[in-house]
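Q: Could you take me through this model one feature at a time, giving the general idea before the particular case?

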Amino acid sequence: MKTINMDHVAASSLLPEVVEAMMPFLSEKMGNPSSMHSLGEEVTEALEEARGQVAGLINASDQEMVFTSGGTESNNWALKGMVLANRSRGNHIITSSIEHFSIMHAIKALEKQGVEVTRLPVDKYGIVDPDDVRKAITPRTILISVMHANNEVGSIQPIAEIGKIAREHGVPFHTDAVATVGVIPVDVKALNVDLLSLAANPFYGPLGTGALYVRKGVRIEPLIDGGIQEQGLRAGTENVLGIVGMGKAAEIAAGELESRMAHLIPLRDRLINEIPASIEEVEPVGHRTQRLPGNASVLVRYVEGESMLLFLDMEGIKIASGSACISRSLKVSHVMLAMGIDAGNAQGSLLFTLGKDNTNEDVDEVVRILPPIVQKLRDMSPLYKR
Amino acid sequence: MKTINMDHVAASSLLPEVVEAMMPFLSEKMGNPSSMHSLGEEVTEALEEARGQVAGLINASDQEMVFTSGGTESNNWALKGMVLANRSRGNHIITSSIEHFSIMHAIKALEKQGVEVTRLPVDKYGIVDPDDVRKAITPRTILISVMHANNEVGSIQPIAEIGKIAREHGVPFHTDAVATVGVIPVDVKALNVDLLSLAANPFYGPLGTGALYVRKGVRIEPLIDGGIQEQGLRAGTENVLGIVGMGKAAEIAAGELESRMAHLIPLRDRLINEIPASIEEVEPVGHRTQRLPGNASVLVRYVEGESMLLFLDMEGIKIASGSACISRSLKVSHVMLAMGIDAGNAQGSLLFTLGKDNTNEDVDEVVRILPPIVQKLRDMSPLYKR
Amino acid sequence: MYSDVVMDHFKNPRNVGEIPDADGVGEVGNPACGDIMAFYIKVNNNVLEDVKFKTFGCGAAIAVSSMVSEMAKGKTLDEAMQISNKSVIDALNGLPKKKHHCSNLGADALHRAIEDYRSKQQGKIAERPLDGPEVCSCPVCDVNDPEEAPYCSSVCERTTGK
Amino acid sequence: MYSDVVMDHFKNPRNVGEIPDADGVGEVGNPACGDIMAFYIKVNNNVLEDVKFKTFGCGAAIAVSSMVSEMAKGKTLDEAMQISNKSVIDALNGLPKKKHHCSNLGADALHRAIEDYRSKQQGKIAERPLDGPEVCSCPVCDVNDPEEAPYCSSVCERTTGK
Ligand SMILES: Cc1ncc(COP(=O)(O)O)c(C=O)c1O
Ligand SMILES: Cc1ncc(COP(=O)(O)O)c(C=O)c1O
Ligand code: FES
Ligand code: FES
């Protein structure tokens, strides 16, 4: 059976060129970048090349890129590091109500330590109103953090506008761009951001590798203190293998961004149009155009997400869901709740995240296989046709 | 020219079996352990296997092992997470004066936040007196953190005894065992520790991968908040490649520990005996027997370490030094200063860290090549034969 | 994640459906929590002659409903009241810890159907089966506010020391 | 890490040694900081006829000493006083930022030797060349207490905002 992976938000295969770039660091090139001798230098050069490649992808300069163990660490660091560095200036943070867990829970941890938080609402498309940001700023605001795009519902936020407001008020601005870097054009200067989190996997780099962009001049305390790696901003022996892979993946993404988008958008739009057309009482989630190129999110009424996923999995189709059972927290996605979606309906969430490897035939398959699965489960559901 | 790597503290080559275990995760096995479908499960199983392998190496149970991005993160987390979880009980930490930067600087960061710190002295061999630990404990002490062994001077600390004292007083006890896990026998139960940091590279696993052992029942707050990975204790998509490699390396280390030690100790002792025999005014550093099996550390008077390293590097010999120029902080090693070594003499530090691949011939080479290098530099030195 | 027995019951659930003239009906759960189970029973001479269910929920919820219906069929009412969380999990060859609440729901729904039948027998107006809790309380650590206990299983142990 | 010019001067340093009957001697640095440079000069008709040095220090310190000695030889005293940090770094085809203080040391030691010669000419008792600072102050960010500024170069910028 052919496997159709439409769960690229969870994991995407490495590009062959990325694997090739990593191979030497599995064997002969085993130096530690911090050591003085030539074994170390070889690796240092590789790290610096990767830094340039990642910086190039988002129009940053090399010294502004700090490698981390992934998007989650970058997000935690941005928040906690800024609070530590700016406590004397204030203790108020502005964020949105649809952030990734790594922002949401890091902020909750900060709240326990006395930080005050404003969580901005979103409209029914999951989009923040920049005017709300302006209104929420106080003299004690030390950070604004709004994600660039949400992977669960696909909507892209007006980051450049929010950044402009932040800058006018002199408030540092962070964006979680894990879902967008390497996927749509991201330019830290155009977006007016001071800090930006990214991870390698969305652009076909290795899992567990990421970076934080820290604009020159921004004061931040380390989350992980220690040696002098990463200019002393992030200590610890580097995950050389992961970083080299991320660098190569960034370089390729920079070149292929446009063609990847041109490939994904029609497939995405087919899913968003054809699934509701072939199954009654299904509605799309999020904005139709201001959305991630590979992201299709729908709600199927009267059926729970995990049960659909399991049947799709048996047919070789891998997708995700924002249902409570899937989230493992036994809670419906906070993102959908924030968009005003009813908790019961949100249980029927299906999330398709497309990648390079998906084809029109894959979409055909999904549109063929999904309706009978939904019918079978609806026939079993006490909510259906009451 | 043959390369002789005697800088295993910086980086060791991966074992071929480790590379082999990692390979599938570079290509076909590209799931995210957090996803529901079968792609994710495959990877989850691999992570759980690795967890068991690492736990087995230190006699822990699987649920007590939390994967991190390396020794530095583990150390930062142990300290900061314990302080956050126990602030109501006190704010005093006891540590030693010879800790790794990742402990030392994390503690400095905590001091800035009001945590009080007692730094225990060491004797001239670099060893902490357990009695000093006992005397330093106050009712407000919330953590004791003393490293298991120091890689720079080789000395092994009486951790089991310190752990016993900590337990008698009901104070949580952490040890940084990055230098010892997979190198000498480490048994968390015998050592009486509550928290233990480890990293993969010392036992020939990948760089940038580690774990924190958190004994069942110990309360700790996350350093990296977010999703539910690692039981919610350490969020973020896992570095699957690194973890799988660490697991395999741990499994092999558990079996080869004794034979590796039997191989290293005679080579180490040859360096410690023969270098001072072939060059005048050279003294060994640290304890002679209570020391890491592959660690030989000496001081060469009147010459600075980096210059010796550069000449050795040209001859294909890779080693390290605790000199100020090497440390990149323009400071002499705080470890040697704590041992009462004069800052000037410490500049002449040479650190040989041996590994599986080193042979008696390698030691012959070092003993042959080093004396003329030292002589050349001494002839240039204004301190020599004044 | 799921055992073969669970997957078998999930793929081919036994006794799906409603009984239009059921002697007893029991329903538990709430769509906001992701699980609703409705059980319908036919009783003859104190024995469960027929048991059917409808379930909105995850794979475990469906498999549990199916298993409970099979276990119950043919049993006396008293015997069926003995079907417990643990016996369902055992019959399914285990469930992931965070799915244990599903097995509770299945037995509860069945028990409610039996209680419904008994009330009717005693001529009482059947108590309306309760809806599930409005707040999805954590079945593992019993914390009610999901904001305070967002993770399942061991996190609570770890950070609360429980 | 080092340029070819640096490595060449490190491997084959020019003008190593002492001049027993030197006209001027200058020494800077301190072993605790890892660098000591001593310069010896012979002056003839206001021109540096001979320059020799001895250095205890890192690769950069040795290369810098050698380069400074080459640059100085044959120059007039005034010209030699113009040898700066920057000109040494340029002649060496660059140095890593954290090694820039080494180039300062080289020029300083030479200048002290010249000052020593001039003082002697004027019949003054030569001022004892100063030892380097007791505390190793950071040459990049000018923080004196190494406890407070443990890292080189950009960390200071980052965490102090300077
Ligand atoms: C928007 C967003 N932020 C952060 C993260 C976390 O990144 P990581 O999994 O690399 O820790 C993700 C992961 O999917 C994400 O989608
Ligand atoms: C004793 C000790 N602790 C901690 C570390 C830091 O570990 P890592 O480099 O994996 O971050 C090291 C690294 O060499 C070490 O030797
Ligand atoms: S175990 Fe589920 S939230 Fe605590
Ligand atoms: S730049 Fe060296 S310590 Fe600041």
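The dialogue below moves from the two ligand sites to an aromatic pair, a buried residue and an annotated domain.

Q: What should I know about the numbering and the kind of model before I start?
A: Residues are numbered from 1 along each chain as its sequence is written, while chains are lettered from A and ligands numbered from 1 in the order in which they are written. This is a predicted model, in which local features need pLDDT of at least 70, side-chain atom pairs count only at pLDDT 80 or more, and totals for chains, interfaces and linings use all residues; side-chain values use heavy atoms, with hydrogens and water left out.

Q: Which residues come nearest to ligand 1?
A: A residue is near a molecule if one of its heavy atoms lies within 4 Å of it. Of the 13 residues around ligand 1, those that come nearest are A:Gly71, A:Thr72, A:His100, A:Asp176 and B:Thr237. Because the surrounding residues come from chains A and B, the site of ligand 1 is shared between chains. Helix H3 (residues 71-86) of chain A gives the most to this shell, namely 3 residues, where a helix is a DSSP run of H or I with at least four residues, a strand is a run of E with at least two, and both are numbered from the N terminus.

Q: Which polar contacts does ligand 1 make, and how much of the ligand is covered?
A: A polar contact with a ligand is a pair of N or O atoms within 3.5 Å. A polar backbone atom of A:Gly71 is 2.9 Å from an oxygen atom of ligand 1, and an N or O atom in the side chain of A:Asn151 is 3.3 Å from an oxygen atom of the ligand. A nitrogen atom of ligand 1 has a polar side-chain atom of A:Asp176 at 2.6 Å. On its own ligand 1 has 390 Å² of accessible area, of which the protein covers 89%, by the Shrake-Rupley method with a 1.4 Å probe.

Q: Where does ligand 2 lie, and what surrounds ligand 2?
A: Ligand 2 lies between chains A and B, and among the residues that come nearest are A:Thr237, B:Gly71 and B:Thr72. Oxygen atoms of ligand 2 are found 2.4 Å from an N or O atom in the side chain of A:Thr237, 2.9 Å from a backbone N or O atom of B:Gly71, and 2.5 Å from an N or O atom in the side chain of B:Thr72. Taken alone, ligand 2 exposes 390 Å², and the protein buries 89% of that. Helix H3 (residues 71-86) of chain B supplies the largest share of the shell, 3 residues.

Q: How many aromatic pairs are there, and how do I read one?
A: Rings of Phe, Tyr and Trp (its six-membered ring) pair if their centres lie within 6.5 Å; planes under 30 degrees apart count as stacked, over 60 as edge-to-face and the rest as tilted. The count comes to 6 aromatic pairs over all chains. A:Tyr302 and A:Tyr384 form a tilted pair, 5.5 Å centre to centre with 55° between the planes. The two residues are 82 apart in the chain, so this pair links distant parts of it.Q: Is A:Ala46 buried or exposed?
A: Buried means under 20% relative accessible area, exposed over 50%, and partly exposed in between (1.4 Å probe, protein chains only). A:Ala46, which has its place in helix H2 (residues 38-57) of chain A, counts as buried because its relative accessibility is 13%.

Q: Which part of chain C does the UniProt domain annotation cover?
A: UniProt positions are given in the numbering used here, feature names are shortened, and annotations may be inferred rather than shown by experiment. The unreviewed UniProt entry records "domain: NIF system FeS cluster assembly NifU N-terminal" over residues 1-122 of chain C. In the model, this span is 46% helix and 22% strand, with its end C-alpha atoms 44 Å apart.

Definitions and conventions:
Polar contact = N/O pair within 3.5 Å; in protein donor to acceptor, adjacent residues only side chain to side chain.
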